[in-house]
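Reader: I am new to reading protein models. Can we go through the terms one by one?

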Amino acid sequence: MTKHISALFEAGPETVHWGYFDGRLPAIATIESGDTIRVTTVSGNPDIVAETPFQPAPALLAIHEHVRKRTIPGHICTGPIAVRGAKAGEVLQIDIEDLELTSNWGYAAVRPLTGGLPDDFDERRVTYVSIDQERAMGQLPWGMDLPLRPFLGVLAVAPPPAWGEIPTRPPRQNGGNLDNKELVPGSTLYLPIFVDGAQFSVGDGHAAQGDGEICNQAVETDLAGVLTLTVRPDMHLTWPVAETPTHIITMAFDPDLDDAVEIAIRQMIGLLGEHVGLDRYQAYTLLSFVGDLRVTQIVNGNKGIHLMVDKRYFNGKSLKRSSPT
């Protein structure tokens, strides 16, 4: 059943912040818990736009002209959007209802000192990808077809105000540049809330990405997302958690990939104890049998790990709660 969309937020000079998160940033609007919204996002720095053989979105050009970029590198984020009644210490449930490719092109740039091999490539090169929106298929310039599976790279609540202004590139406990390709329609993300109102922002559309995001970028493009935002006062998290129709997923980020692994495992042990009743030894052992550790991305300063466990080991339980009716 199609959800009623309560509000539409279009990316533009008055509705975006570029390159940073800040818990003191005022909301562009306030919605009710359980509202379903449609949010558009745009991607691309001026150098990308200057060289593309495609036509950039007018909203992107207007943002380049009127919005000051605060950090380098950083993402253009639509928001923040406040959710009425959300309190610090609670959780924001983000149900990803639908995602729509809204551009006929995307790009990825290889730059020196970036990516999984930062010292191996000494020249900048941008690859532009033609996008067939109806077929969800990309055409690479060297002749390959690329099946597209779009998702939003940046999904964030505001960080604690004491953190001040922080760049969007490294993912953190407030979410942000998660770059988790499992967050497609039908998936749900849970983010710990650090400021009243939650102050939700979204951006960094990806048309396709492999685990790791190896060269530093996915197929970066413009997207529209239909999302339902629900406050969860009954949940308490310290790191983002997600679920798909089949799996529960813990996520963690750290400059050291080994440390991120430990955080993700501890989070999953805690969830198995809370929702299944396993003790720590049982949960730790079970994860060795059924847990799939995956490298989310290795290129954003804080590297990402996500740990996936089939819901059968949660007795088929979901962490979701339906929106208020």
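Reader: At what angle do helix α3 and helix α4 pack, and how far apart are their axes?

Author: This is a predicted model. In it, α3 (residues 257-276) and α4 (residues 280-290) pack at about 120°, with axes 9 Å apart.

Reader: Why are α3 and α4 called oblique to each other?

Author: Roughly perpendicular covers 65 to 115 degrees, and roughly antiparallel starts over 145. The angle here is about 120°. That value fits neither class, so α3 and α4 count as oblique. The crossing of α3 past α4 is right-handed.

Reader: Which residues make the contact?

Author: α3 gives I265, M268, I269 and L272. α4 gives R280, A283, Y284, L286 and L287. By class, eight are nonpolar, none is polar and one is charged.

Reader: What makes T250 buried or exposed?

Author: Buried means under 20% relative accessible area. T250 has 0%, so T250 is buried. T250 sits in strand β20 (residues 247-254). Its side chain reaches the backbone oxygen of A264 at 2.9 Å. T250 also touches M268 and L271, among others.

Reader: How do you know whether L113 is buried or exposed?

Author: Exposed means over 50%. L113 has 67%, so L113 is exposed. L113 lies in the loop between β8 (105-110) and β9 (125-132).

Reader: What is notable about the phi of L113?

Author: Most residues other than glycine have a negative phi. L113 is not a glycine, yet its phi is positive, about 70°. N315 also has a positive phi, near 55°.

Reader: What makes the bond between G79 and P80 a cis peptide bond?

Author: Its omega is about 0°. P80 lies in strand β6 (residues 76-83).

Notes
Residues numbered from 1 in each chain as written. Predicted model: local features only at pLDDT ≥ 70, side-chain atom pairs only at ≥ 80, totals over all residues. Heavy atoms only, no water. Axes fitted to C-alpha atoms, helices over the stretch in contact; angles between N-to-C directions. Helix = DSSP H or I, 4+ residues; strand = E, 2+ residues; numbered from the N terminus. Parallel < 35°, antiparallel > 145°, perpendicular 65-115°, else oblique. Left-handed = near helix turned anticlockwise from the far one by under 90°. Contact = heavy atoms within 4.5 Å. Nonpolar A, V, L, I, M, F, W, Y, C, P; charged D, E, K, R; others polar. Buried < 20%, exposed > 50% of the residue type's maximum accessible area, 1.4 Å probe, protein only. Polar contact = N/O pair within 3.5 Å; in protein donor to acceptor, adjacent residues only side chain to side chain. Lists of a residue's contacts leave out its neighbours within four places in sequence.
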